[in-house]
Amino acid sequence: MTVVTRFAPSPSGHLHVGGARTALYCWAYARGRDGRFVLRIEDTDRKRSSDAASLGFMRDLAWLGIDWNEGPTIPELPDCGGGDHGPYFQSERLQIYQEHLDRLLASGRAYHAFDTPEELDAGRRAAREAKVAYRYDRAALKLSEEEVAAKLAAGEPAVIRFRTPDEPITIVDEVLGEATLPAGEIDDFVIRKADGYPTYHFAVVVDDALMKVSHVLRAQEHFNNTARHMVLQDALGFERPTYGHLSLIMNPDGSKMSKRDKDKALRAAVREREIEACPLDDTGEPMVDGDTWDRWRGDKTVQLDLDRLEAIADALDVALPEINVSDFRRSGYLPEVLCNFLSLNGWSAGDDLEKFDNAFLAERFDLDRVQKAPAKFDRDKLLAFNLDAIQAMTPEEFASRARAHAEAFHPEFLDRLDGDQFAMLCEASRERSKTLDEPFRTNRFLVDADEAIAWPVTKPVRKAMFKGEPAGLEMLGRVRPVLNEIEEFESSALESAITAFAEAEAEGNLGRIAQPLRIAVSGGPVSPPIFDTLAILGRESVLARIDRCLEVLAAEMPSS
RNA sequence: GGCCCCAUCGUCUAGUCAGGUCCAGGACACCAGGUUUUCAUCCUGGGAACAGGGGUUCGAAUCCCCUUGGGGUCACCA
């Protein structure tokens, strides 16, 4: 039997790390067994689904190196998708669902129900107060055939519910083992909504059967749903796939990793800094209207639109936690490292093996080594893995990947630096970069205008510039002519000239020259190696910055 | 709250299914030294766990029970 797995995202929002791990496991399981991996878009919620989100999911998967044998096709990914079991958007399969629905209706295994949302809510509230689990009361079953026909004819809104057999259901799961749900635990759930779309439960069962899915690997939140899917499979005469439920990925504090964490982080920062008003955008308008802002600030269940949220965080210089695959990409993580690390959250290869690629994962992945307990996502370890991968790169590979990253996220570096300068930056940054983003994020001074550099007098600046005999600022003035007169303004020439200067003027203590220079050209005490930094900047900028620095800091210099 | 599931260092985990080779191994983090023009690396060393309580057994991290703790679920969302 051919192994067929599928990843079936709902196209709302973005692919997050939990979903990415599920997709990766599904992909690996099929790949390692010469099977097929299917991508199916579950867009039966018309309000929440969007084409943009579907596209985003596909791009994120492709970026991770997860390709699908069957599923939607987009021009930019000609090697993914296609297949004989389409369409792969559920919204295009309505006719198929209806046929199977009719079978259930005809056999009496499903029935129309006309309960209003208000009535159902009242029932749920009552159950909550009575501290029991809510179960649908089958009110609609009391209606006679004529009454049902009349209501339907009158166009009353109706859902279709599945008549769940009143008996215990045993779920067989390759990860968690067997579990039996007592009779009555699963109620008569809705299988077609009033808008005519199938619910998740119905569509997933029909599609998995028709697409010949043999193994369903999905998040543990679906565990109880499996019982629903099993009774549906029985009623429809479908074979059951093998199930495996994956534990969730949690935050370090044990809370569930969620998009809301971004709102949470920003809200916390806003509170801590006692920011009252919403920041303004370029046009001087608040980034969100005052009403929304106030509601968001006061109510932790309110979420801001992601684009706005990120714009505000950017304006306030608040780092938002990475949740989605695209967040990790923007932060400069390598896709192969993300996959590697993600696969380690919930699975292990054994033999103390933890650095491997997707091909190895496909070869070795199996359900018997999948962890049952939830894992907390440790960004520190991910970062360490990313560092290791970057350190293992050739300079050429790093440069080309850094360039691609800059094209996507820091185009100003490509505008301001020529090819040689950019190459120098990469070379100077590689061994101190943990991410592809670091060369740019930490070196903005390279692309700032000379006049834009400022020198806040922090402790390290005070130490390097004002302390010592002679003070760093004086050293800076003395080394300036060396830079002005040097013939070739490039790294090795600068190194010999400045080292010689240090020998002559600072007892060979290079730091006493390098730090003042670093501060003068960058505005702070941190930069790539000083000779590279100077070379990238070029003589003109370096001298201009030194001159302004001498002027500005001389005014701040303590008199004694 | 009902139902279901789970439980090894701070974190991810190896070892659990076939009880002894485990006074529990690796990685990240942490701590202490060292290298270094800043930062980041890098090197050396160190501390750190079988949730608790009962069984079964010659012997239990491994099997059973209880307690505690954690997770999932209880939608016309998926």
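A pocket is an open set of grid points with protein on both sides within 12 Å along at least five of seven lines, and its lining residues have an atom within 4 Å of a point. The model used in these exercises is predicted.

**Exercise 1. The second largest pocket**

Find which residues lie nearest the centre of the second largest pocket, and describe its lining.

Solution.
- Step 1. Start with the lining. It consists of 22 residues. Nearest the centre lie Asp-314, Ala-319, Arg-330, Ser-331 and Arg-441.
- Step 2. Look for the elements that give two or more residues. They are helix 10 (306-316), helix 11 (325-330) and helix 14 (379-391). Helix 10 supplies the largest share, three residues.
- Step 3. Sort the lining by class. Eleven residues are charged, eight are nonpolar and three are polar.
- Step 4. Turn to the domains. Domain 2 (259-322) and domain 3 (393-446) each contribute at least three residues to the lining.
- Step 5. Add the volume. The second largest pocket has about 920 Å³.

**Exercise 2. The domains**

State how chain A is divided, and give the separation of the centres of domain 1 and domain 2.

Solution.
- Step 1. List the parts of chain A: domain 1 (93-246), domain 2 (259-322), domain 3 (393-446) and domain 4 (450-554).
- Step 2. Take the centres over C-alpha atoms. Those of domain 1 and domain 2 are 40 Å apart.

**Exercise 3. Buried or exposed?**

Decide whether His-100 is buried or exposed. Do the same for Glu-239.

Solution.
- Step 1. Place His-100. This residue belongs to helix 3 (residues 94-106).
- Step 2. Apply the cut-off. Buried means under 20% relative accessible area. His-100 has 12%, so His-100 is buried.
- Step 3. Check the surroundings of His-100. Leaving out residues up to four places away in sequence, His-100 touches Phe-202, Val-206, Leu-210, Leu-236 and Phe-238.
- Step 4. Place Glu-239. Its loop runs between helix 7 (223-236) and strand 9.
- Step 5. Apply the other cut-off. Exposed means over 50%. Glu-239 has a relative accessible area of 73%, so Glu-239 is exposed.
- Step 6. Set Glu-239 against Ala-471. They are 232 residues apart along the chain, and 82 Å separate their C-alpha atoms.

**Exercise 4. Two strand pairs**

Which way does strand 5 run relative to strand 6, parallel or antiparallel? Which way does strand 8 pair with strand 9?

Solution.
- Step 1. Take strand 5 (residues 169-173) and strand 6 (residues 177-181). They run antiparallel and are joined by five bridges. Ile-169 faces Leu-181 across this pair.
- Step 2. Examine the link. Three residues lie between strand 5 and strand 6, and the two strands form a hairpin.
- Step 3. Take strand 8 (residues 215-219) and strand 9. Here the sense is parallel, over five bridges. His-215 has Thr-242 as its bridge partner.
- Step 4. Check the cover of strand 9 (residues 242-246). Four of its five residues are buried.

**Exercise 5. Backbone angles**

Where do Asp-317 and Asp-351 lie, and what is phi at each? Which peptide bond at Pro-87 is cis?

Solution.
- Step 1. Asp-317 sits in the loop between helix 10 and helix 11. Its phi is near 60 degrees, a positive value in a residue other than glycine. Asp-317 is exposed because its relative accessibility is 67%.
- Step 2. Asp-351 sits in the loop between helix 12 (335-344) and helix 13 (358-364). Its phi is near 55 degrees, again positive. At 68% relative accessibility, Asp-351 is exposed.
- Step 3. The peptide bond from Gly-86 to Pro-87 is cis, with omega near -5 degrees. Pro-87 lies in the loop between helix 2 (51-64) and helix 3.

Conventions
Residues are numbered from 1 along each chain as its sequence is written. Chains are lettered from A and ligands numbered from 1 in the order in which they are written. This is a predicted model: local features need pLDDT of at least 70, side-chain atom pairs count only at pLDDT 80 or more; totals for chains, interfaces and linings use all residues. Side-chain values use heavy atoms; hydrogens and water are left out. On a 1 Å grid over the protein atoms alone, a cavity is a set of points where a 1.4 Å probe fits but cannot get out, and a pocket is an open set with protein on both sides within 12 Å along at least five of seven lines; lining residues have an atom within 4 Å of a point. Grid points are joined across faces, edges and corners, and a volume is the space filled by probe spheres set on the points. Ala, Val, Leu, Ile, Met, Phe, Trp, Tyr, Cys and Pro count as nonpolar, Asp, Glu, Lys and Arg as charged, and the others, Gly among them, as polar. Domain bounds come from an automatic or database domain assignment. Buried means under 20% relative accessible area, exposed over 50%, partly exposed in between (1.4 Å probe, protein chains only). Contact means heavy atoms within 4.5 Å. Two strands pair if DSSP finds at least two bridges between them.
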